[in-house]
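Student: I have a model open and would like to work through it by question and answer. Where should we begin?

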Amino acid sequence: MFGGKMASFGKKLIRRRVVDLSSEDTRFARCLSTLDLIALGVGSTLGAGVYVLAGEVAKEMAGPSIVLCFLVAAFSSVLAGLCYAEFGARVPKTGSAYLYSYVTVGEIWAFTTGWNLILSYVIGTASVARAWSAAFDNIIGNHISTFFMNKTSLNLPGVLAEHPDFFAVILIGLLTVLLAFGVSESALVNKIFTAVNLVVLGFVIIAGFVKGDIKNWQLSEEDYKNLSYPDPLDDKTKDFGSGGFVPFGLEGILTGAATCFYAFVGFDCIATTGEEARNPQRSIPIGIIVSLLICFVAYFGVSAALTLMVPYFLLNKESPLPEAFKAVGWEPARYAVAVGSLCALSTSLLGSMFPMPRVIYAMAEDGLLFKFLSSINNRTKTPLSATIASGFLAAVMAFLFDLKDLVDLMSIGTLLAYSLVAVCVLILRYQPGQLNSPKAIEMLELNGNEEERVIVNPTFTATSALQMLFNPPTDTPTALSGRIIYICVSVIATLITVICVVLTLEMTALKDASVGWIVLLVLLLVVLLISTIIIWRQPQSNARLNFKVPFLPFLPIFSLFINILLMVQLSASTWGWFAIWMVVGFMIYFGYGIRNSVEGKNAEEPCATVEKPLCHPELDLSPGAAAV
């Protein structure tokens, strides 16, 4: 009795979303062009960090080789971007990584992903709103902060902000109204601000190359003595390194690349527009790849211009570009930089706020969050309730909280989403049938019968098993090969997590050539390699898509490794806040979502219905299907 209940409970956690792609009907307005998606991706990714981050990384981590940091970071981000692009072509529906997880690895993982995406977007929106408020206040002479400093105060250090930010609340309120008014109007405003930002960055890059000096990429110790402070040798190792183009070595490039990786976060908001793009299966892949390319060129150009204008050890971390222009005699250029940074903050704010109501809507529509959040306004065709709820939550966060300690929580949500999308691409590419294929059911029935014959065949020996793993008899995926993929991907994800923990916590022991840790690492890598080869040998689906990730299975696995490695680097306090957020989420899921899940209700109804043409017991490719 107890075992049966546990099995039933487990099935609920891994039930998958059935997506009918035979119809393009949607409750949203299909009005976004490819250009709109590119502008949305560029605007949300190319935030104010481009005006500050380059100075910080160049001064403290990489020097002129910051251009290589952005190259490595862009490559790492493109890996995740390619995975999103394939899913955008495969499942052009609202929900982004939440939906992709739901159709592939099951409900509990989907809820975890969606819940953390909401957290990322809330903290992102609130923190950018506070940054916009601070930047504007700085431009007008700090009159706003001075006024509220004398009138209001919040006395709870480490949790609440020193002073409430009324301007940030007003800003989020205006943005909420804009998003509720209509997606086409929001897209137009975003395009205008993004265009201004790109023009300013173009000016910065050109001016930097005109006023720059290539000698600043070839600095010697003598230059450091002549240009630095009165006691130049005291902090030589810290400030100067070894000079030249790569003053802090390969370690500096990799450390800088890890920081620069977060500069490319934001393109995933394009994936939430699946039901608002005119041609999502084409526009979403193009939008993601082109926006990442534009952002890389901008980051690369600004960092090159900055380090050409000023020696890297003299850069100002707080305001690198205005000080750099001052150093070369172009001080009025600081006004152009101020305008560009405000536009960048505006588009970044819109990019954080835009996807949040769409993820909330998708989760509410599936029954995992409260149903009233899934309402769509008939006139504006926007998720009105979810937009208002998103705006209210972000406004409260911006008004009351000191977000500096919570910003790393954004990274967990984003990196978890990247990891699951990579896993989902890896799994779905090797599964029989296509989500919207009318022949999927018949094909799976045949494969299921074939699998039964193989398993009950008395001549099925260890040699036959090895042949199934390393030399499958067919060129098309079967139910058995699909389940092999599920098992191997689970093993790979576990191994990569253990490897990343070892590399992070025992790096000193590995550098000291500790035999035990080196042997353990080698064994883990060998098992990882064998699992990867097994996946590589399995037949792939030949389903036609507008875009497919190249170099499977290696590219998604490498993307998964980078994402998990970055997650492991986060502090214990960040993981503590993450645990608290997940406890709140699971209370909602197990108290409401698991009982009201639309997929759960559909599973209880007869399968043969016109409305659910893909509902079929044989179409269960979840990892639990092999175990149950």
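Tutor: Begin with a term: contact means heavy atoms within 4.5 Å. Keep in mind that this is a predicted model.

Student: Leaving out residues up to four places away in sequence, which residues does Y84 touch?
Tutor: Y84 is among the residues with the most contacts inside the largest nonpolar core, along with F87, F264 and L369. Not counting residues up to four places away in sequence, Y84 touches S96, A97, Y100, F267, D268, A271, I288, A417, Y418 and V421.

Student: Which helix gives the largest share of that core?
Tutor: The core in question is the largest nonpolar one and has 171 residues. Its largest share, 15 residues, comes from helix 18.

Student: S96 is one of the residues that Y84 touches; is S96 buried or exposed?
Tutor: S96 is placed in helix 5, residues 96-104. Its phi is positive, about 55°, although S96 is not a glycine. Buried means under 20% relative accessible area. S96 has 0%, so it is buried.

Student: F551 also has a positive phi; is F551 buried or exposed?
Tutor: F551 has phi near 60° and is a residue other than glycine. It lies in the loop between helix 23 and helix 24. The cut-off for exposed is over 50% relative accessible area. F551 has 65%, so it is exposed.

Student: Which peptide bond is cis, with omega near 0°?
Tutor: Look at P553, in the loop between helix 23 and helix 24. The cis bond, with omega near 0°, runs from L552 to P553.

Student: What span should helix 24 have at 1.5 Å a residue?
Tutor: Helix 24 covers residues 554-568, which is 15 residues. The expected span is 1.5 Å times one less than the number of residues. The end C-alpha atoms are 21 Å apart, which agrees with the expected span of 21 Å.

Student: Which helices do the buried residues of helix 24 pack against?
Tutor: The buried residues of helix 24 are L555, P556, I557, S559, L560, I562, N563, I564, L566 and M567. They pack against helix 4, helix 12, helix 18, helix 21, helix 23 and helix 25.

Student: F70 is in helix 4; which residues is F70 in contact with, leaving aside neighbours within four places in sequence?
Tutor: At 1% relative accessibility, F70 counts as buried. Its C-alpha atom is separated by 7.6 Å from that of F261, 191 residues apart along the chain. Leaving aside neighbours within four places in sequence, F70 is in contact with L53, C260, A263, F264, F296, Y299 and S303.

Student: Which helix gives the largest share of the nonpolar surface patch?
Tutor: The patch covers about 880 Å² and is made by L466, F470, I518, V522, V526, L529, I530, I533, W536 and F554. The elements that give two or more residues to it are helix 20 and helix 23. The largest share, 7 residues, comes from helix 23.

Student: How does I533 count by its relative accessibility: buried, partly exposed or exposed?
Tutor: I533 is found in helix 23 and is one of the residues that make the nonpolar patch. Buried means under 20% and exposed over 50%, with partly exposed in between. At 31%, I533 counts as partly exposed.

Student: What percentage of the residues of the protein chain count as buried?
Tutor: The protein chain has 27 helices and 0 strands. It exposes about 27,700 Å², of which carbon and sulfur atoms supply 65%. Of its 628 residues, the share that count as buried is 53%.

How values were computed:
Residues are numbered from 1 along each chain as its sequence is written. This is a predicted model: local features need pLDDT of at least 70, side-chain atom pairs count only at pLDDT 80 or more; totals for chains, interfaces and linings use all residues. Side-chain values use heavy atoms; hydrogens and water are left out. Patches are made of residues with over 30% relative accessible area and no salt bridge: like charges are joined within 9 Å, nonpolar side chains (Val, Leu, Ile, Met, Phe, Trp, Tyr) within 5 Å. Accessible areas come from the Shrake-Rupley method with a 1.4 Å probe; for residues, only the protein chains shown count as cover. A salt bridge is a side-chain nitrogen of Lys or Arg within 4 Å of a carboxyl oxygen of Asp or Glu. Helices (H or I, at least four residues) and strands (E, at least two) are DSSP runs, numbered from the N terminus. Buried means under 20% relative accessible area, exposed over 50%, partly exposed in between (1.4 Å probe, protein chains only). A nonpolar core is a set of buried Ala, Val, Leu, Ile, Met, Phe, Trp, Tyr and Cys residues joined through side-chain atoms within 4.5 Å.
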